[in-house]
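Work through these exercises with the structure open beside you. Try each task before you read its solution.

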Amino acid sequence: MDAGAFDGVRVVELAQWVFVPVAGALLADWGSDVIRIEHLDGDPYRGLATQGIGTDRGGVNLSMALANRGKRSVALNLRDARGLAVLHDLLASADVLLTSLRPGALARLGLDTEAVRERHPHLIYARGNGFGVRGPDADQPGYDSSAFWARGGVGQILTPPERDYPISQRGAMGDRNGAMALAFGVAAALLKRTRTGRGSIVDVSLLGTAMWMLSSDLLAALNGGEVVRPQGRAAMVNPLTGTYRTRDDRHIQLMFLQGDRYWAEFCRTVGRPELAGDTRFVDMVARRAHATDCVAELDAIFAAHTFEEWKKILAPLDAPWAPVQSVEEVVEDPQVVANSYIGDVEIAGGATYRLPTVPVQFDGCPPQLRRAPEHGEHTEAVLVELGYDWDRVTELADEGVIP
């Protein structure tokens, strides 16, 4: 494979859990040498048990593997001045500091932006946080379920009004979306440094990520419009942008935003050509005025065949529609397979496991996925790279600075 876009770029990652580590994994996918700094007792995410993909899996912790693939791990006691000295030696050799520590914790370690930039002016200082680095809640802890889903409005806007409680968020949705933005910010800062010679401060918050994802709703709120929560099917403005149940209780999604462009061919495809000329449905205005009748007709049409039958019937139709798939179906989708959106990671003994790849590809190729490191696996090797001799490495281990 060709060299990665970030080959030769060193990233020091001082972060835990998912949000910021996933940004580091994306940079590693694209060629960066990402060295993650872990406490002597490890990232708490290593011990998380959930959905049979964490420590409860009985094999590889896939949650940890997804967030940390392709990196090296150094275990370091940053509460010891000698541990901080090692970190600064690493930063002197690095291009990017990637951190999820809150402002207060960074200040206590002497790693606030002013101190780090004064000592390492070349460094790009990239921070991922819950609520932004200014304001009364800048130092409040924030996970994606609180900062992104709850406070960011995502959970409220996606919850049907008839429910008593907001729907639950799927695992790390905000984290992984925020990570893409943070990796993008780092890439932009690296480009800027080629022009200015100086590093930048890059900030991404989970709250800000939620707002960006809800931009359409924010535009309504900012301009006096109505922010509409999910509506029932009876209130459908355009029946050709609806979801319809098949005979075997599966669903097909239509997304004909240009309904008049697709209506006649759709009617022929589904075996109801006469509907194209029905005065109730002849154009967008008519279908909106008779939305209840149109939905009823489409309900009856889709109820006549099974999910698999509809996939075959609609396959020739050059229009935006899709089967509503289960996650298990998605991973085996022919388009997923053809585009290598799932990759294999090889581990010791030739065994493999599968992970989603980063959705960005260069030159038509997905990144080569590499396994995540064990806790502190590369501590000694990285110190030797920095010029530490074995006597000094042994001394640091004896004094509890490294494991």
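Helices (H or I, at least four residues) and strands (E, at least two) are DSSP runs, numbered from the N terminus. The model is predicted, so local features need pLDDT of at least 70, side-chain atom pairs count only at pLDDT 80 or more, and totals for chains, interfaces and linings use all residues. Residues are numbered from 1 along each chain as its sequence is written, and side-chain values use heavy atoms, with hydrogens and water left out.

**Exercise 1.** Find where W17 lies, and state the sign of its phi.

Solution. Start with the location: W17 sits in the loop between β1 (10–14) and α1. Next, read the backbone angle. Phi of W17 is positive, about 65 degrees, although W17 is not a glycine. Compare the general rule: most residues other than glycine have a negative phi. Last, check accessibility. W17 is partly exposed, at 25% relative accessibility. The classes are buried (under 20% relative accessible area), exposed (over 50%) and partly exposed (in between), with a 1.4 Å probe and protein chains only.

**Exercise 2.** Do the same for S340.

Solution. S340 belongs to the loop between α16 (334–338) and β10 (342–346). Its phi is positive, near 55 degrees, and S340 is not a glycine. The relative accessible area of S340 is 27%, which is partly exposed.

**Exercise 3.** Which residues have the most contacts inside the largest nonpolar core?

Solution. First, the term. A nonpolar core is a set of buried Ala, Val, Leu, Ile, Met, Phe, Trp, Tyr and Cys residues joined through side-chain atoms within 4.5 Å. The largest one has 41 residues, and L27, L98 and L182 have the most contacts inside it. Helix α1 (residues 19–29) gives the most to this core: seven residues. Now look at L98. Beyond its neighbours within four places in sequence, its contacts (heavy atoms within 4.5 Å) include V20, L27, A126 and L182.

**Exercise 4.** Is R127 buried or exposed, and which side chain makes a polar contact with its side chain?

Solution. Locate R127 in strand β5 (residues 124–129). R127 is buried, at 15% relative accessibility. Its side chain makes a polar contact with the side chain of D203, at 2.6 Å. A polar contact is a pair of N or O atoms within 3.5 Å; within protein, one must be able to donate a hydrogen and the other to accept it, and residues adjacent in sequence count only if both atoms are side-chain atoms.
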